[in-house]
Structure formats: C-alpha cells, structure tokens
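With the model open in your viewer, follow the selections below in order, pausing at each stop to look at what surrounds it.

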Amino acid sequence: MHKPLPLQCTSLNFRGFQFAQAMLFAIDEINNGSDLLPGISLGYKLYDTCGSIVRSIKVALALINGNEDVTAPSEAPCTKPAQVQAIIGETSSSPSRAIATVIGPFHIPLISYFATCACLSDKTKYPSFLRTIPSDYYQSRALAHLVKHFGWTWVGAIRSNDAYGNDGMATFIETAEQLGICLEYSVSFFRTDPADRIQQIVDIIKLSTSKVIVTFLSPKDLTVLIHALSNQNITGYQWVGTEAWIFDSNTAAMDDAHILDGAIGLSIPKAHVTGMREFILDVKPLNSSSNEMFTEFWEALFTCKFKQSESPGENQRQCTGDEDLTRVHNSFTDMSLMPIFNNVYKGVYAVAHALHSILGCNKTCNNNIVLNPSTILQRIKNIRFKTKEGDEVYFNENGDPAAKYEIINWQPRENGVVDFVTVGLYDASLPTDKQLNLHNKFLIWAQNSEQVPVSVCSEKCPPGTRKVLQKGKPVCCYDCIRCAEGEISNVTDSITCERCLPEFWSNERRNACIKKEAVFLSYEEIMGALLTTASLFGTSMTVIVAFVFFKYRKTPIVRANNSELSFLLLFSLTLCFLCSLTFIGRPSEWSCMLRHTAFGITFVLCISCVLGKTMVVLMAFRATLPGNNVMKWFGPTQQRLSVLAFTLIQVIICILWLSISPPFPFKNLKQFKDKIILECALGSTVGFWAVLGYIALLAMLCFIFAFLARKLPDNFNEAKFITFSMLIFCAVWITFIPAYVSSPGKFSVAVEIFAILASSFGLLVCIFFPKCYVILLKPEKNTKKSMMGKGAPK
C-alpha cells in the first residue's frame, strides 16, 4: 500500500568499527613506511552495509561509479582519479555474494576477511572474490571430524538461514554422513523470523534425544536463540560452534544463563599485530577533524560507560574527548577478534603488494602506468609474501588461504568470565589422519562436567554382537543382535559377524574364535578306562585259561577237544582282546590302518579255529559210521591248512584295502558344531564291509555246522557250546551295525570296541569256561569213560 522506507542503520556496531580501524592501521603503516609503494599514498572510502544485502548492492554500485575527482583529507590533492582499485570486505557471506556478483564483471578485487561460505570459492560465479579467512568447506569438514573424535554420532544441527549457514551446514552433513554421524534434526532460522518460528526450534531442541548441537550461526542469530532458550531455562546441551561466535567475548557476555558453557568449536588461529591494539584504541574524535561517524562512536562508547556507572552524579556527565579509553571494558576494547583484525591487515597488504609489483616499485614507483582492476586482480591471486609477524599470505586457485583452525573450549571461571582455551589444532594441509590434533589439556563440557558427553541414538554394540538397523530410522539407530553360534565380532559396532574357520568355534561371549575341542576316545576318560580294563581283563582271562589247558593238556577233556586248535583259538582270542586297545587314543595314520586290519585278521583267525573245531566234531561223528573213513581227509595237517587258508583270504582283502584306499585319520567338523571328532575314516568303504562280510560269512558257516552237530550223542558235546558262542557272536555283530552307524563321534568307536569285547568274551566263556569248570571243579568227570558216556554217575 505504501512505498517502503529506505533502509537505515539504527545502531553503532563496535565490531564493525574495529574492522574499519584495522584497515586504517594497515593503510597508515604502508603510507608511513618506505618498503611498499614508496612515494605513493593509499586512499580509502568507508561504507556501511549494516549487514543488509540491499545496502551491499547499493554500496557496490556506488564504488563502481565513484570515478569523480575528490579531495583527500590533506593539503595535497590526489594525483590519480578516485577509482576504486580493490575492496576490503564484506564481513558476512550473503552480502559478500551480492557485492561479488555486482563487481565480478568489472574484475574489481573483493577481499573479505570474515566471509567463509564455501560457495564463494566458485570462480565461475565470483571471479574477483578472494579472502584471507579459510572457506567453510574446510571448517565444515573439521567440525564433522571433531564431532566424530568425541564419539557423537547423534546430533542436532541449527544454522542461519543464509548463505553462510546453509552452505556450511550442507558440507558438514555430507562429511558427517561419510563418517557415520546422523542428524536428529536440521533446522534454520534468521534473526528477523517471527517469534513462533524461534519457539518452534526451541520445542524441537526440548523434544530431541541428542545432547550435542552443531551450529552454523552468526553471533546475532545465536543471540536470538540463546535468549529464547534462557527464557525456558533449557540447558545441558553440548554446543559445537564455528569461528563466527566460538571466540566472541560479546556472545559469552550475553549468555547470562550459561547455556553455552563448555562449548567447543573452531577459531581462526590467534594472531598478534604489533601496534594494532594501540592504534584501534587511540581514538580522539572531538579533538580532530574526523567525520561525524567517529564523533557518534565516541559518544556512544562513553555514554554507555556513564550509564553503567553506579554513581548518580556521573550519569549526567558529557563527553569531552579527553576520556581515557583504557578505563572502558566493553566489546570495543576487547581484542579477542585480533585474528580477524589480522585478516583485514593481510587483505590491505595483499593489495599493496600487488600495486607495488605492477608499478615496478623499487626506490620509486612508475606513476605513468595506468592501473587496471583486472591486472590488479591477477597480481593479487599470484602474490606470496610474509607479514612483519612472519605470517605467510597467499591465495590458492579458488582465492582461499591455507585452512588452519584452533580448537577452542569455553571454560567458565568463578567470576562469570569465560576463558577461551585452545585445546587443539586442525590443519587441512596435512594428511587426513593427522589433520586433527587435540592437546592433552583439561576440557570442560556442558554444565561444567568433566566427562565427555554421550550423544548417540543407540549405545555402541559391544564385541560379540552386530548392528541391525531399526526400521524407518537413520543408520545410527540400531539394535545389537548377538552373533550366532560359530560367528564372532571382535570390534565395537560391527555391522557383520564373521564365521570362524572350520577348526574353530565362537566362545561364549562371541568375541573370539577358539580352537574346537578335539574329541576322541582316550585312556584318561571313564569310558576309555573301562574299555581298557575290560580288554586287559579279557586278555588275562584268556591267558589263565590257556595256562589251565596247558597244565592239564594230557587230560582227556583237553585232548578230546583238539588241543592244538584250542591253543590257537586262545591265542587268537588274546589278539582279539588286545586289538581293541588300538581303537583307544588319538587316531594316527598307523593306528587307523592297524585297528581295522588287526581286528579283521584276528577275528578271522578266531572264527577259523572255531570253524575247524566244529568241522572236527562233525567229521568225528561221521567217522564212527561203518565204512566211513572221512577223518583221514581232516587230520591235523588239514585243520592247520584250513585255518591258514581262511585267514590268508582275510589278509589278502586287508592288503588290497590298504593298497587301494587305506583308513586315515580324519577331523570330523560336521557332526558337532563346537567339537572336532578325531576319527579314522574308512578310506574304502568296500574294503571295510568286505572285511566285516567275510567275518560274517565264516561266523554263519560256523553257526550252521555247530547247529547241525548240537545233538550228536556225546556226553560232552562241544558243538552245543560252539552254537551258543556263535549265537552270541552273530547277535552282537548284527546289533553292532545300526548302533555303529547311529552313534556319534567317539561313541561309534566305543560301540565297535564293545562288539569286539562282547563277541570275544562270548567265545571265551561259551567254549572254554565249561571245560575249565570240569578240569578245576569236577575232575572226576575228566576221564575217558565220562567223555565216551560210560560209567557216568547217575
């Protein structure tokens, strides 16, 4: 409805005045020296943009068009037109972008001392922009690495809604995502936003679970936010700041509620410029011909001081111009922004060095050279010099200086003053793993805590677990799932569990692979000891029986039962009992080959003897029939040869088995998940079953012959006992097959040993114990008459 009023600056900013004084100091030092531009004095114009983009464009246009002749504030007129050769400024990024856009086509150098937006490094958009402060590209990345260093993976982000905040935060978020840092929220505002917008951000902070707030805020925007947080007494958050406010004493003085206590952030490295502080404070406007702005500044400075005085009489005092500025303690006398003043100083000297080079200055300068902004711009881009304090000044291809930052920690003192303590350095020129360097200094955190705050969406997953993302939430929000059996994770926050090698298994905590327990039937365990005892007991009993038979070898019962085959059978039974011992102990190449072949051969020898005894009984009965002379074909020699022949066949089978595919030690990793079964693999299963099959064939023949001879008319019919023994033998080995196949690990070996011992005891007991009973306890029956069934007692 109405034409807007023109923008006006409504208050005096002491910081802005300090920056102007820093520029004047550099110009004064150059003009009064002889090293740079001898015989030439630099002039200047001061414009105030008040941080407004609109006023920035207006100032830029005024500078471009300011070619009229003017009189310098001295007795001698300027010998050159007042065309601007370079601009020092602006303080903020958004106004700098506006100015750079306007003056870019004219190639007028614009050197900023405090505009950090990474966007200004784009030389296609801002070809004439340079700066003496590092780009936020490096600061944003440095902040992300700083946050990562302290283990903060769940943070909030607040930024100014301008080029500085938006571009700086965009780079931070990009780097943070690469480092595994998640943002719970990212909000922006501007200090002129409505109160409800500020309240909205306050509510977001209150409802958040993150305890760290990363900011890309200008001091003025931060002031608005802190005021809103103070009203609701919202404290306890760890603030991470940029160079815009982290080293600003004004911001610290404004924070009455101590919301920012313990803040940490990046700052331009401390600097000292000899004489600058004294120059800035040496202001006597009322006693000089200075312009109205200086007078206004002086009155504002001391009026503020008088108003703060507790003495009623001093409230009416007026400025005389002779006041001692050292008595004043406010933002103007505070030199904490000396690094930024130094940046102003460097910018002025960069222009001076470029002009010195163009004009070919030595002892004098060539005043006939026509200055061209484009030429000045190119010379400034290529200059490289050191200030009187030893700082090296140069610009890279993007017009940026080397990026170095100090890491600052806010440490409040008892008197309410905040100490800005340097606790580390960040140098972007170093390798990535060495850029961040924190000193071993004492740090203060939020609420004056000495413990590093924890700000994570989910607690770290300990070793032995893996991270599983929570559905619909950022990657920093996850559940910790225990690794499955046989898998481990030995680092914190592992995203996967690694499977152990086949011979290893996960421990109970799932954080290390331990070698699986090797399981085999050993002599030390109870089962192995019992089987060993049974084997040795059977061997002992066999030896005792053999001793009894040998002692009573001339008695009828021993002679009638073919003593030669009996002793051979006892010998083979001894070997059967002993061969079971080869199945106990750690399997080796030799033990695996020995256990099965020894078992097969000794059992065939044993069955062959039993078969021979059975056939002798049958043939003996046949020989008693009239006209039957069959015994001459089955005499002692034939018996020996039959035993040898039957055994030799088994030997040949075993040799073929060992030659083609012998048994070998084998680590069974599949039967048990957490154990290694040490066993003997059969090699050729055909060979194994051929050995067992041959034994079974002989056992069946022996059983059939013994069964046929069971009712022969003999008082002491050995065929009955052989029948019983073969019945036991066959029953044992028939039940052995399913038990052996279904038994796991060492139990299958135990089943095989039990079958060997059981069948051996069956033969020993059924065939020899009845005879020993007669020999030892019933000697009256050990006569020829009793054996022939004559004179037997009724």
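Begin by selecting E485 and K673, which form a salt bridge in this predicted model, with their closest N and O atoms 2.6 Å apart. These two residues stand 188 residues apart in the chain, E485 in the loop between β15 and β16 and K673 in the loop between β21 and β22. E485 counts as partly exposed, because its relative accessibility is 40%.

Next, select R499 together with E487, whose side chains meet in a salt bridge with an N to O distance of 3.4 Å. R499 belongs to strand β17 and E487 to strand β16, twelve residues apart. Is each partner buried or exposed? R499 is exposed, at 57% relative accessibility, whereas E487 is buried, at 19%.

Now move to K515 and E503, where another salt bridge joins the side chains at 3.1 Å, N to O. K515 lies in strand β19 and E503 in the loop between β17 and β18, so the pair ties together parts that are twelve residues apart in sequence. Add K667 to the selection, and you will have a network of salt bridges that links E503, K515 and K667. In the whole structure, a search finds 13 salt bridges.

Turn then to the largest nonpolar core, which has 82 residues, and select L37, W152, F172, I264, M276 and F341, the members that touch the most others. Helix α11, residues 338–358, supplies the largest share of this core, 13 residues. Finally, select another core that lies apart from this one, with 64 residues, including L531, V558, C609 and L692.

How values were computed:
Residues numbered from 1 in each chain as written. Predicted model: local features only at pLDDT ≥ 70, side-chain atom pairs only at ≥ 80, totals over all residues. Heavy atoms only, no water. Core = buried A, V, L, I, M, F, W, Y, C linked by side-chain atoms within 4.5 Å. Buried < 20%, exposed > 50% of the residue type's maximum accessible area, 1.4 Å probe, protein only. Helix = DSSP H or I, 4+ residues; strand = E, 2+ residues; numbered from the N terminus. Salt bridge = Lys/Arg side-chain N within 4 Å of Asp/Glu carboxyl O.
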